[in-house]
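Thanks for coming. I'll talk through one structure, and you can follow along on the screen.

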Amino acid sequence: MSSATSAKPSIPKFPRRVDTSAPLTPRGRSRVPSDIDTQTGGSRSSLMRQGSAGRISPSAVCRTRNSSPVIVSQPNETVHHYASGRPLVVIPMPMLDHKVSNSNTAAEVNNNTSDNASIEDIKHQETQSTISYTNSSSTASIGSTLSGEEVSIEQELHQGSSTSDRSINTASSTNSGKPPIAPPSATKKSDTDETKTKKLRKEENTPKLYLSEPPALRDEGWKDADGTAFKVRGAKYLKDKKKQKSQPSTFKLITTDLVQVDKPIFTGLCSHPDERIQKALKREEETGVQELPDFIFAINLVVPGAPRNYHLVMYFGCDDISIIKSTDTPFGRVANKFFFGDSDDFRTSTFKLIPSIVDGNFVVKNAVGSKPAILGKKLKQNYIRTDRFLELICDIGSNPVADSIVKLALGFAKKLAVDMAFVLEGVEEAHLPEQVVGVARIINIDFDKKDGKRLVPQP
């Protein structure tokens, strides 16, 4: 580096004093002598080591010629130049003379001494402040980050060592001249900012209005069937390919919808503001009393038709959510990932249907069969997921073969009873044996006169 670059600026022969009574206006206000400059390489730390008490005890923050902050003990206190020792009077900014209390706003003062640095004006705001002082050789930062109680800047500065190299709360800036960004851990949210989850209480004999509002499929048209009637993969299926009877279903069928729509609603009925799940959740929020089961698994079959389409929605409820969250059981391990995991691909490759025609035409029995099928391999599936429900939307019209089979079954629907068992397929030893999630029996649906007449508008 050339000598011209490294030379210090000239020092005036006589110190200049500042009129402290002049108003602090954005322009034309009184300023301190120009020989206080951050480009001199260390003047600030030398200035800060001066003071009537021999240590930093800020009652005011003052601004130098280039908007750099200088802390002094008292308003109008005399400080000394780092090189000449001449007295200088700086302009006090007594706004920070008192304790700072909690608020959502922040005032940040940054002093960066790197070459050609642009120093922003001190931003005054009401309550939260971070004051950072950066030396050319080291960083001394003094932060006051507020939570739920008042913090004194003076108390912060008096902790530990009185030297300027002591860092109480580091707050640095990656871009020269920009205010530092405090780390996330340095800011604690106040009670008013925290999201408060209202804990629901369970009460006996709570009216289950979600079963009747809005009207569901008539009771004679659906039934919760026995899960143990279905065979599923056994514990050693990967080795011996043997199946066994399932344990009882973990979910119970609580109600069923069969509704008309002008166009399929692929955002689901559980999220529809005028349908039963959203209405029940709103009542729970208002009353604090739990009405729905702990978790809802809704299977929504989009059935194409003319001139209207249909949604057949089977709502399964689980009264003990720990069953599907536990990782101590084979079913819990696969259920936890299926219901609460982030992978739709896993859900698509795991969801399995086992159909069974209980009563119906021979042609329909042969067409439907009873072989388990991963629906996602042939049909398009969407998922709507929250912490209270998972809705699986299966578009039957997305596959021509499935569309033809369903239309055939609809022609015999008045004399048809079909069981649909839903299983989460186990492809790992840790997920075996399988267990039926739930079974829905759909019985003698009359599209002409009784069923599927309720029209649901688009949300």
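Disulfides come to zero here, with the cut-off for a pair of cysteine sulfur atoms set at within 2.5 Å. This is a predicted model, so keep that in mind throughout. A disulfide, as you know, is a covalent bond between the sulfur atoms of two cysteines. As for individual cysteines, Cys-270 counts as buried at 0% relative accessibility. Cys-318 counts as buried too, at 1%.

Next, the sheet. In what order do the strands of the open sheet lie? The order is S8-S19-S18-S14-S15, five strands with antiparallel pairing. The edges are strand S8, residues 222-224, and strand S15, residues 373-374. Each of these has a single partner strand, so one side of each has no neighbour in the sheet.

Something packs on this sheet as well: helix H7, residues 330-340. Helix H7 touches strand S14, which covers 351-359, and also S18 and S19. The direction of the helix makes about 95° with that of S18.

Now the pairings one at a time. How many bridges join S18 to S19? Seven, between residues 417-424 on the S18 side and residues 436-443 on the S19 side, and the two strands run antiparallel. To pick out one position, Met-420 has Ala-440 in S19 as its bridge partner. On to S14 and S18, which pair in the antiparallel sense over eight bridges. There, Ser-356 stands opposite Asp-419 in S18. Between S14 and S15 the pairing is again antiparallel, with two bridges. Lys-352 is bridged to Ile-374 in S15. When you look at these strands on the screen, remember that in a regular strand the side chains alternate between the two faces of the sheet.

Next, charges. Side chains of opposite charge can pair when their charged atoms come close. The structure holds 20 salt bridges. I'll go through three.

The first on my list is Arg-218 with Asp-451, at 2.7 Å from N to O. This pair links distant parts of the chain, 233 residues apart. Arg-218 sits in the loop between helix H3, 153-158, and S8, while Asp-451 is in the segment after S19. Are the two partners buried or exposed? Arg-218 is partly exposed, with a relative accessible area of 23%. Asp-451 has 2% relative accessibility and counts as buried, because the cut-off for that is under 20%.

Next on the list is Glu-434 with Arg-233, where the closest N and O atoms are 3.9 Å apart. Glu-434 is in the loop between S18 and S19, and Arg-233 is in strand S9, residues 231-233, so the salt bridge ties together parts that are 201 residues apart in sequence. Both residues are buried. They also belong to a network of salt bridges that links Arg-233, Lys-352, Glu-425 and Glu-434. Lys-352 is the residue I mentioned earlier as the bridge partner of Ile-374.

Last on the list is Asp-342 with Arg-385, at 3.3 Å from N to O. Asp-342 is in the loop between H7 and helix H8, 344-350, and Arg-385 is in strand S16, residues 380-385. The two are 43 residues apart, and the pair links distant parts of the chain. Asp-342 counts as exposed, at 70% relative accessibility. Arg-385 is partly exposed, with a relative accessible area of 36%.

Two loop residues to finish. Where is Glu-275? Glu-275 lies in the loop between strand S11, 252-261, and helix H5, 276-287. It counts as buried, at 3% relative accessibility. The side chain of Glu-275 makes a polar contact with the side chain of Arg-454, at 3.1 Å. Leaving aside neighbours within four places in sequence, Glu-275 is in contact with Pro-214, Asp-257, Leu-269, Arg-454 and Val-456.

The other is Leu-379, in the loop between S15 and S16. Leu-379 has 11% relative accessibility and counts as buried. Which residues does Leu-379 touch, not counting those up to four places away in sequence? They are Cys-394, Asp-395, Ile-396, Ser-398, Asn-399 and Ala-402. From Leu-379 to Ala-402 is 23 residues in sequence and 8.1 Å in space, C-alpha to C-alpha.

That's what I have. Questions are welcome.

Methods. Residues numbered from 1 in each chain as written. Predicted model: local features only at pLDDT ≥ 70, side-chain atom pairs only at ≥ 80, totals over all residues. Heavy atoms only, no water. Pairing = 2+ DSSP bridges. Helix = DSSP H or I, 4+ residues; strand = E, 2+ residues; numbered from the N terminus. Contact = heavy atoms within 4.5 Å. Axes fitted to C-alpha atoms, helices over the stretch in contact; angles between N-to-C directions. Salt bridge = Lys/Arg side-chain N within 4 Å of Asp/Glu carboxyl O. Buried < 20%, exposed > 50% of the residue type's maximum accessible area, 1.4 Å probe, protein only. Polar contact = N/O pair within 3.5 Å; in protein donor to acceptor, adjacent residues only side chain to side chain.
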